[in-house]
Amino acid sequence: MSSLEILDLKTHFPTPDGIVRAVDTITLSIRARETFGLVGETGCGKTVLGLTIMRLLPPTATVEGKVMCAGRNLLEVNEAEMRKVRGEEIAMILQNPTTSLNPVMRVGAQIAEAIQLHQGLNKRDAKEKAIEMLDAVKIPSPSGRANEYPHEFSGGMKQRVMIAMGLACDPSLIIADEPTKGLDVTIKAQIIELIKKVTEKKAMLLITHDLGVARELCDRIALMYAGELVEYATLREIFEDPLHPYTRGFLGSLPDRGLVPIPGMTPSLIDLPEGCRFHPRCEYATDVCRQKHPEMIEVEGGHFVRCFHARS
Amino acid sequence: MKRHDKHNSRVMGAVARVRESRSAMLGLTIIVLLVLMAIFAPHLSPNDPTDVRLGDRLISPFTESKYPLGTDHLGRCVLSRLLYGARISLAVGITVVGISTVIGVTLGVVSGYYGGISDSVIMRFVDATLSLPSIFLAVVIAGMLGRGLASVMIALVAIEWTSYARVTRGSVLSLKEKEFVESARSLGARDSYIMARHILPNIIAPVIVVATIGMAYVILAAAALSFLGFGAQPPTPEWGAMLNAGRVYMRTAPYLTILPGFAIMLLVIAFNLLGDGLRDILDPRRVVVE
Amino acid sequence: MLEVEGLTKYFLSGMIRKRRVKAVDDVSFRIEKGKTLGLVGESGCGKTTVGRLILRLIKPTGGRVLFDGIDLLSLKKRELRKIRPRMQMIFQDPDSSLDPRMKIGTSIAEPLKVHGTIPKYERSQKIRELIGTVGLNPEHINRYPYQLSGGQNQRVVLARILAMNPDLIIADEPTSSLDVSVQAQILNLMKDLQREFDHTYLFISHDLDVVRIMADQIAVMYLGKLVEIGETRDLFDSARHPYTQALLSAAIRPESGAEGRKRVLLKGETPSPIDVPVGCRFHTRCPRKGGRCVIEEPKLVEIGGGHRVACHFI
């Protein structure tokens with residue numbers, strides 16, 4: 001059973017310079033209790049995909065396709081229902097907890113607010129639940145810390161608070177966008193352990209540029225390049241048998257895999273190359289890659305790749 | 001690489017964005033029109049603005065074609081006086097803002113870049129000035145210097161430069177921490193070079209915004225001082241002075257106060273609109289979606 | 001080449017009750033010509049301050065910095081300005097390292113202009129040459145920094161630095177704001193340039209995997225102090241300080257994976273540098289802490305082959 005199904009999703013932004021194709025015909029499904037990693041580099045559109053699912057995009061964006069969740073298309077439900085979906089069914093853990101928390105509101109009250117809003121608890125019960133949540137994310141002396149302000153928390157502790165907020169209403173799906181960005185290595189390891197534990201029984205879409213983090217947490221991984229998915233498969237297949245040249249290049253450029261860079265740079269989402277979007281940087285590119293845009297094909301059970309030469 | 005050619009310079013981008021901002025565009029249009037009126041005042045005026053004709057006293061506007069906007073208590077043509085008055089208001093504004101900018105930016109850069117004692121001295125002075133009601137201060141200074149436009153301008157410069165110094169210092173303080181300034185230092189460049197090549201070009205934007213809104217304030221303050229009798233002396237056709245002279249005839253000839261009052265308001269609003277628009281346009285945080 | 005001895009920097013903090021923040025406390029190391037020292041630590045450990053102190057962008061409270069035998073801290077402002085071109089710094093954020101209002105070509109030409117090393121008519125030739133060395137095209141010369149990507153801007157920074165022909169380059173997290181595929185490009189370029197021009201690098205980073213590739217020697221910093229220093233291989237194969245060990249095991253690597261790996265999870269977080277713990281400053285998080293650690297601060301002791309560790313249990 002899938003917890004979220006995305007079908008031919010397109011998110012475009014019309015600008016004076018042209019259309020920004022941030023998300024271009026993406027299809028994927030996230031199974032219940034699975035952690036699905038969406039991996040890509042800066043500007044590939046991965047964050048926009050998360051915001052599209054939550055319907056948190058600026059009004060200039062045009063969205064096509066379907067986002068199916070619990071039998072209905074989230075792109076078609078009304079705003080009132082969408083507000084219920086956010087937090088209760090799907091929660092988002094954002095990067096940069098420092099700006100995501102209200103600096104003049106006590107931490108406990110911020111968590112309680114979400115609980116009150118969705119579960120209709122009274123103030124005292126909501127506060128109690130908030131303290132419970134802080135305890136669940138391993139914040140020491142939670143009842144005392146609930147009365148503190150965000151600036152009294154360190155970066156790692158703030159991220160724990162964000163996770164507590166995300167989990168507060170017991171959503172079935174969590175979208176985590178770079179949840180460990182900017183954290184020190186030892187703190188990052190702590191947060192990853194925590195995420196692993198609290199999302200054990202939940203579905204999660206992990207958006208990240210860090211394959212290391214993805215490897216720690218994910219069951220399946222999709223690689224995104226220039227607005228579209230180029231490969232997706234299980235964790236093991238991506239690491240041991242990557243098929244798309246971009247996936248191989250991405251892995252090869254990691255410091256512990258030899259630091260072999262991919263030549264050139266990511267194209268602008270306004271000015272995408274003809275044919276395969278990766279061909280200007282691809283060493284295997286042939287005429288067909290320059291002329292035709294490859295479709296996603298299933299190479300083996302569940303291993304999809306967008307490349308003409310994947311089988312050869 | 002197509003998109004790079006479209007905006008090959010920041011300036012062109014800014015000009016294009018002024019067109020997009022409706023309020024900035026409206027303000028700019030009014031200012032340009034008033035400037036043109038001021039420049040061509042001798043050609044546009046139907047009469048000599050200082051010509052006294054006691055036989056034509058207090059003619060209402062739109063009644064005689066010789067005086068489209070009527071005459072004042074000495075029979076002088078109101079339209080001509082308004083046109084010439086635009087010259088004075090704009091000249092006062094430009095002079096005061098220009099001198100204040102030079103003084104304020106220089107002291108602000110020194111204060112922000114070097115810090116220490118010079119910073120304390122300059123900034124305490126600025127704080128002291130800004131803590132007093134500015135129009136009151138201007139009246140005191142202008143009073144000490146005697147009547148006349150020159151003393152009004154000196155008084156206004158004495159107050160106006162402080163806001164430029166403050167804005168400049170703030171921008172310099174944040175720029176000083178930027179890596180490119182540190183890297184210029186580590187390159188062995190002199191302080192004067194760094195200030196001229198790296199600091200100044202990067203503070204122009206906020207200073208332009210302050211200067212535009214400053215224009216509105218200076219024009220209003222100059223008119224107010226003239227209204228109080230400090231600035232332009234009769235028979236100079238200054239809007240504030242006209243307002244003052246018309247005050248006596250408020251019941252019988254209200255247009256003598258309404259017209260110059262409206263002119264002042266129009267110019268002040270125009271500069272405020274442009275300043276607000278520029279603030280949005282030049283805001284570095286405003287990122288063009290790419 | 002570069003010798004740092006007992007480098008110390010205290011900041012004063014607090015509005016009313018001024019308190020001393022020991023940002024850098026008695027740090028000593030040396031780097032041979034053409035070699036790279038990797039300075040590793042988490043945010044707030046003082047590694048960036050060390051770089052700035054060496055260049056004297058900020059003034060140290062104590063210690064000595066010998067650069068080619070010259071004591072940098074005793075130099076007058078003027079002498080310092082003369083020697084500065086020989087030591088350069090690369091910053092983390094390439095976009096703010098370049099003046100946004102200056103064209104790329106002008107930025108690269110700036111050092112040539114300031115020092116007048118090259119006559120004006122030869123400058124544009126030199127710029128083209130430098131641009132080529134760092135792998136950019138001549139068409140970039142007339143662009144502005146905001147028109148280039150982060151990786152390209154970092155190349156511009158490198159070209160600008162090469163124009164000065166420095167001996168020592170201090171790189172402060174030069175790739176941490178870049179994507180991995182671009183990071184690989186820049187790191188490779190830096191290594192190539194080092195081979196070609198015999199640069200000495202102080203490579204400051206939080207990323208052990210990157211440092212492992214770049215550095216000959218690694219120094220680990222915790223709360224303003226060096227806790228361990230040694231040859232890269234020694235440090236990776238036989239780290240002795242519990243903090244180094246924890247850093248190594250905490251590093252999230254795609255290679256190691258989640259399966260069957262023991263991770264030393266450190267408890268808690270780094271204390272504030274205002275309240276440095278008494279005794280060993282790591283004892284609040286140390287899995288191996290003993291009674292002595294709470295009382296006495298361990299000294300950095302040599303255990304052979306230039307490998308030095310500050311821990312009571314070695």
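In chain C, helices α5(C) and α6(C) come out as oblique to each other, because their angle falls outside the bands for roughly parallel (under 35 degrees), roughly antiparallel (over 145) and roughly perpendicular (65 to 115). This is a predicted model, in which local features need pLDDT of at least 70 and side-chain atom pairs count only at pLDDT 80 or more, while totals for chains, interfaces and linings use all residues. Residues are numbered from 1 along each chain as its sequence is written, chains are lettered from A, and ligands are numbered from 1, in the order in which they are written.

Back to the helix pair. Helix α5 (residues 120–133) of chain C packs against helix α6 (residues 150–163) of chain C at about 130°, and the two axes lie 9 Å apart. Axes here are lines fitted to C-alpha atoms, for helices over the stretch in contact, with angles between N-to-C directions running from 0 to 180 degrees. Helices (H or I, at least four residues) and strands (E, at least two) are DSSP runs, numbered from the N terminus. α5(C) and α6(C) cross in the right-handed sense; a crossing gets that label if the near helix is turned clockwise from the far one by less than a right angle, and is left-handed if anticlockwise. On the α5(C) side the contact uses L130(C), I131(C) and T133(C), and α6(C) answers with A159(C), L162(C) and A163(C). Contact means that the C-beta atoms of two residues, placed from the backbone, lie within 7 Å. Sorted by class, these residues are five nonpolar, one polar and no charged. Ala, Val, Leu, Ile, Met, Phe, Trp, Tyr, Cys and Pro count as nonpolar, Asp, Glu, Lys and Arg as charged, and the others, Gly among them, as polar.

Chain C also has a strand worth a look. In strand β6 (residues 87–90) of chain C, M87(C) and M89(C) point one way and Q88(C) and I90(C) the other, and all are buried. A residue is buried if 20 or more other C-beta atoms lie within 10 Å of its own, exposed if 12 or fewer, and partly exposed in between, with C-beta atoms placed from the backbone. β6(C) runs parallel to strand β7 (residues 168–172) of chain C, and four bridges join them. Within that pairing, I90(C) sits opposite A171(C) of β7(C).

Chain B is a helical affair, with twelve helices and zero strands. Its C-alpha trace spans about 75 × 55 × 25 Å along the principal axes. Of the 290 residues in chain B, 42% are buried. Among its contacts between residues at least 6 apart in sequence, 70% join residues at least 24 apart. One helix pair in chain B is α5 (residues 78–114) with α10 (residues 191–227), packed at about 145° with axes 7 Å apart. This crossing, too, is right-handed. The contact draws on residues including V92(B), V96(B) and Y113(B) of α5(B), and M195(B), I199(B) and V218(B) of α10(B). By class the contact residues are 15 nonpolar, four polar and one charged.

Chain A brings in the sheets. Four of its strands make an open antiparallel sheet in the order β2-β1-β4-β5, where pairing requires that DSSP finds at least two bridges between two strands. β2 (18–31) and β5 (72–73) of chain A are the edge strands, each with a single partner, so one side of each has no neighbour in the sheet. Helix α1 (residues 46–54) of chain A packs on this sheet, touching β1 (2–15), β2 and β4, and its direction makes about 70° with that of β2(A). Two bridges join β4 (residues 62–69) of chain A to β5(A), with M68(A) partnered by N73(A).

Further along chain A, strand β10 (residues 228–234) has six of its seven residues buried, so the rest of the structure largely encloses β10(A). Six bridges pair β10(A) with strand β9 (residues 220–225) of chain A in the antiparallel sense, and M224(A) stands opposite L229(A). β9(A) and β10(A) form a hairpin with two residues between them, and A226(A) in the turn has a positive phi of about 50°. β10(A) also pairs antiparallel with strand β12 (residues 303–305) of chain A, over two bridges, where Y232(A) is matched with F304(A).

Finally, the chains meet: 31 residues of chain A are in contact with 29 residues of chain C. On the chain A side, the largest share, eight residues, comes from α8(A). That side has 15 nonpolar, nine polar and seven charged residues.
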